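The following note sets out several points for a colleague's consideration. Please read them alongside the sequence and the coordinates.

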Amino acid sequence: KVMLGKIGLSVGKTRLGWTTISLVSRMGNGFGADGKPDDVLLTATGIVENSGMKIDEERNGRMRLSDWGTSPVYAEGIPARISLPVKASRLQCFALDIKGNRMAEIPIAGTDGGGADILINPGYKTVWYEILIGS
């Protein structure tokens, strides 16, 4: 588990052993700190590639893209737990489609310390999530 201030991130297994996760507060209210509402965009990505893309490893250890491939683009879904220092009753989370429309609501679990955990996984078939934090 990685702690970023009071926000915790636990990432499951990914294809190449890495991920990029970003949390952006759209209202600038500190992710619900001090009871303030917020709207947070969560993005979780791993490897992204075109269908049929080919990467060759050269003798000097460098990589070379020998075929760009074609559409569709495939993005790895990331299994992760995002822990927020906010009561679960104040939170809602939605998986978003490529246009930012809500596809599915994601369950939120309360924690013993009064915070909440959001569990994302490849089953949601997205890399974008909206977290709403009420007052």
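Which residues of the largest nonpolar core touch the most other members? The points below begin with that question and refer throughout to a predicted model.

1. The largest nonpolar core has 21 residues, and those that touch the most other members are Ile82, Leu84, Ile106, Ile118, Ile120, Tyr129 and Ile131. Two or more residues come to this core from each of β2 (7-11), β4 (38-45), β9 (80-84), β10 (91-96), β13 (116-120) and β14 (128-133). In general, nonpolar side chains of soluble globular proteins tend to be buried together.

2. Ile82 merits separate mention. Leaving aside residues up to four places away in sequence, Ile82 touches Ile7, Gly8 and Leu9, together with Leu42, Ala116, Asp117, Ile118 and Ile120.

3. One open sheet consists of five strands in the order β1-β2-β9-β13-β12, and its pairing is antiparallel. At its edges are β1 (2-4) and β12 (108-110), each of which pairs on one side only. From one strand to the next, the twist averages 25°.

4. Within that sheet, β2 and β9 run antiparallel and are joined by four bridges. Val11 stands opposite Ala80, a residue of β9.

5. A further open sheet has five strands, ordered β3-β4-β14-β10-β11, again with antiparallel pairing. Because β3 (20-25) and β11 (102-105) stand at the edges with a single partner strand each, one side of each is left without a neighbour in the sheet. The twist here averages 25° from one strand to the next.

6. The antiparallel pairing of β3 with β4 extends over six bridges. Ile21 has Ala44 in β4 as its bridge partner.

7. How many aromatic pairs does the structure hold? There is one aromatic pair. Tyr124 and Tyr129 form it in an edge-to-face arrangement, with 6.4 Å centre to centre and 90° between the planes. The separation lies within the 6.5 Å cut-off for ring centres, and the angle is over the 60 degrees required for edge-to-face.

8. Is Tyr129 buried or exposed? Tyr129 has a relative accessible area of 1% and is therefore buried, the criterion being under 20%. Tyr129 thus appears twice in this note: among the core residues that touch the most other members, and in the aromatic pair with Tyr124.

9. A charged side chain is also placed against a ring: Arg102 lies over the face of Phe94, at 4.2 Å from the ring centre.

Conventions
Residues numbered from 1 in each chain as written. Predicted model: local features only at pLDDT ≥ 70, side-chain atom pairs only at ≥ 80, totals over all residues. Heavy atoms only, no water. Core = buried A, V, L, I, M, F, W, Y, C linked by side-chain atoms within 4.5 Å. Buried < 20%, exposed > 50% of the residue type's maximum accessible area, 1.4 Å probe, protein only. Contact = heavy atoms within 4.5 Å. Pairing = 2+ DSSP bridges. Axes fitted to C-alpha atoms, helices over the stretch in contact; angles between N-to-C directions. Phe/Tyr/Trp six-rings, centres within 6.5 Å; stacked < 30°, edge-to-face > 60°. Lys NZ or Arg CZ within 6 Å of the ring centre and 35° of its normal.
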